[in-house]
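Hi there,

Here is the structure I promised to pass on to you. Have a look at it first, and then read my notes below.

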Amino acid sequence: MPLYKRKPFSPVEKPEDLKPQEVVFQVRFTKEIFRDYSEYLKRINLYRKRVWTCKATGKTNLTYEEALVSEKEAAEKIQNFPEELVPPVLHEVQFSMLTLKDLANSIAAKLQGPFSEGAVLYGKKDGRLHRCKIVKVPEEADKTEYEVAWLGSDNKVTGKALVKGEELTGKKLPFTRAVLKSFIKDSTYRSFPWVLHDSLAKKHGISTAPPRELKNKISIQDGLIVSNRKRKRSDDEKITGANENGLVHRKGNEISEAQAVKYPIDDLLVQQSEEDHYLTERPSPCRDFYVPMECVGNLLMVWDFCTSFGRLLSLSPFSLRDFENAICHKDSTPSLIVESYSALLRLLMKDNGDFSMAIENKKRKPKITAVTWTEYLCDFVETSCALKLSTHVSTIRRGHYGLLDISVKLEIFRELVAQVLETDIVREKLDEHIEERHALASTRRDEALEEGKKRRDEKGSRKAETDVKEVVVEHRLKTAASNYNGLNGVVSEKSNGISQQNHSSGESETERGIFPDKNAKKQKDANTLIVDSSNPSRKALKLMKVNIKEAIEMKNIAQRKEYLEREMEKRIVRTSPLGKDRNRNRYWFFRREGKIFVESTNSTQWGYHETKDELDALIGSLNPKGERERALKKQLEKNYNKINLELQKRSKEAAHRIAMEEEAVLRRSTRVRAPPRENPAFAFLKYVNKWKEL
């Protein structure tokens, strides 16, 4: 059953004495039955929250139904676990003190077996996997380095090197690490140490007696293995005192126990413990970029600037994939590249800088066209770029821009964007965005304060009305009691008179408006509004507009919040990363690209996650005990709906693009005379700048 906040959750038991004709409410996927509809709704809303964890895989941030499906899929995969590998795997699991991740890695490494001479496998070289062949196996058992020969595409030896055993990848196992982890969880009833179910251990002849080295750490109670976490205090052990840091000194054995660590702490200081078994395995980012890895940073920076300030540049937005394809295109210069250069150069010409002075000295025309853009680009490279880029001017001038190296193209773009950022036009726009963001943030704070004040006032008014009603009721009860407890008829008559007088005075007070009727107040306001509107003036019209605006605002509080958030996102000042993980890898999310990009510490390696499953696995793998991963997890959860929406949108577009490509291939293969549809892979060649200045 799924775990609720990583703890077992018991469903509601079936009500007793159910009648055949009784109307009840049943949860579809748990078969729970409720008599009360409010209780049913409460349970349904709980199941729809993303607070559930799959017990088999450890996936978090799931709904109850998603966790059930995940457990079902994991159970099906466990059923297909190879029978011949079950005994050796269970032997390794029994009484192991490793974490789930380390245990799975250890078992996988042992199942793959030691490497022998002549084996052809894959090894890490320059951060990537390359085919290699084992030349020499280390003779000493404590050495793990192998002498390998790197193999080229034609199986020829291109070099030799010493590679560690953990950097070599051998034969592929018939199951994934995730399936192995699910199998381990399903086969055990506790962890640290991992203990198999008795029936499973007896079936495969595995001992259930704890080893000697664990006898001081665990014990057997009611036939189950339990951990001896609490130390027994002897009679001569007395607590002498505790300091402010929580250090407790004991007599006898002079043991000092430190107070529990206060999290979060620096991520590198976090030690893996039994409590961290719920953390999922972090997904590996995809790295299939068309541009070289060292150019990805420049590619993202240039694309993000052009799409973020498209209105200022008069450049309509385009996707990152189209920009990447256009940069890599060599047959010609796509219009996307021409328009991007033209927009940046055009804005640079409006600024009174070195480039604009050079253009004036050469008496260039102020208008950049698809024919003359190379001349302006050459002028920029000659006047503003480094000497190493100036060597490519002749190639650009001859009209062979597409033949330039990708790194050179992006370096020119990067230098051009850097120059544009220093112009007064962009600086003024950034200052304008900053002021508008401050105004929007101030408005949002004021509305939050006003909303809180309204809630407090409403609560106070309700409390005051309740107090007044209680006073009136109490006064009437006292008056009635005095009537019945009078000593004679005269007193009774007088008290009755007082009671009637008080009752009539209460009614008159209500009629006079001391306790006004809400309907009467509304009628009075309506009459006042009609009188004011019958004799219109500027002041009355302004008052009506204010009243209408207040009425609209009261009805659309949620919409106003969304509007303010949306307007703040439009005022872009800079793009900041979502956060960093344990190893200080930065995570980026861009508004117009449905991916989460991962940047290494030294900015030499890039990757991305593009599916919802990868996003959920990433969130589940972050350890909140660390400062960096705690902050990153908070940002991912805060923007989860927005990121997930973009990921799903991109997945649909990718599926549509693949279908279009398959249809195009099918039409060509069957030699249909009808013209095939346009291939989405070449969509960047059809780019048109819809925001271009005329």
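**The sheet**

Strand E18 and strand E19 (residues 586–590) run antiparallel to each other and are joined over two bridges. Across that pairing, Gly579 stands opposite Tyr587 in E19. Please keep in mind that this is a predicted model.

The pair belongs to an open sheet of four strands, ordered E18-E19-E20-E21, with antiparallel pairing. Its edges are strand E18 (579–580) and strand E21 (606–609), each of which pairs on one side only. As a reminder, strands of a sheet pair through backbone hydrogen bonds, either parallel or antiparallel.

**Helix H2**

I also went through helix H2, which covers residues 64–79. With 16 residues at 1.5 Å a residue, H2 should span 22 Å, and its end C-alpha atoms are 23 Å apart, which agrees.

Which residues of H2 are buried? They are Tyr64, Ala67, Ser70, Glu71, Ala74 and Ile78. Looking down the axis of H2, you will find these buried residues within an arc of 120 degrees, so they line one face of the helix. Lys72 and Gln79 are exposed, and they sit on the face of H2 turned away from its buried side.

As for what the buried residues of H2 pack against, the partners are helix H1 (37–48), strand E5 (52–53) and helix H5 (177–187).

**Cysteines**

You may be wondering about disulfides, so here is the count: zero, with a disulfide taken as a pair of cysteine sulfur atoms within 2.5 Å. Cys295 is a good example to check in your viewer. The closest cysteine sulfur to that of Cys295 belongs to Cys328 and lies 9.0 Å away, too far for a bond. Cys295 is buried, at 4% relative accessibility, whereas Cys286 is partly exposed, with a relative accessible area of 26%.

**His400**

One last residue to click on is His400. Where is His400 found? His400 is in the loop between helix H14 (393–397) and helix H15 (406–421). Its relative accessible area is 36%, which makes His400 partly exposed, since that class lies between the 20% limit for buried and the 50% limit for exposed.

His400 also makes a nice pair to display with Asp331: the two are 69 residues apart in sequence, and their C-alpha atoms are 9.0 Å apart in space.

Happy browsing, and do write back with any questions.

Best wishes

Methods: Residues numbered from 1 in each chain as written. Predicted model: local features only at pLDDT ≥ 70, side-chain atom pairs only at ≥ 80, totals over all residues. Heavy atoms only, no water. Pairing = 2+ DSSP bridges. Expected span 1.5 Å × (residues − 1). Buried < 20%, exposed > 50% of the residue type's maximum accessible area, 1.4 Å probe, protein only. Arc of directions from axis to C-beta. Contact = heavy atoms within 4.5 Å.
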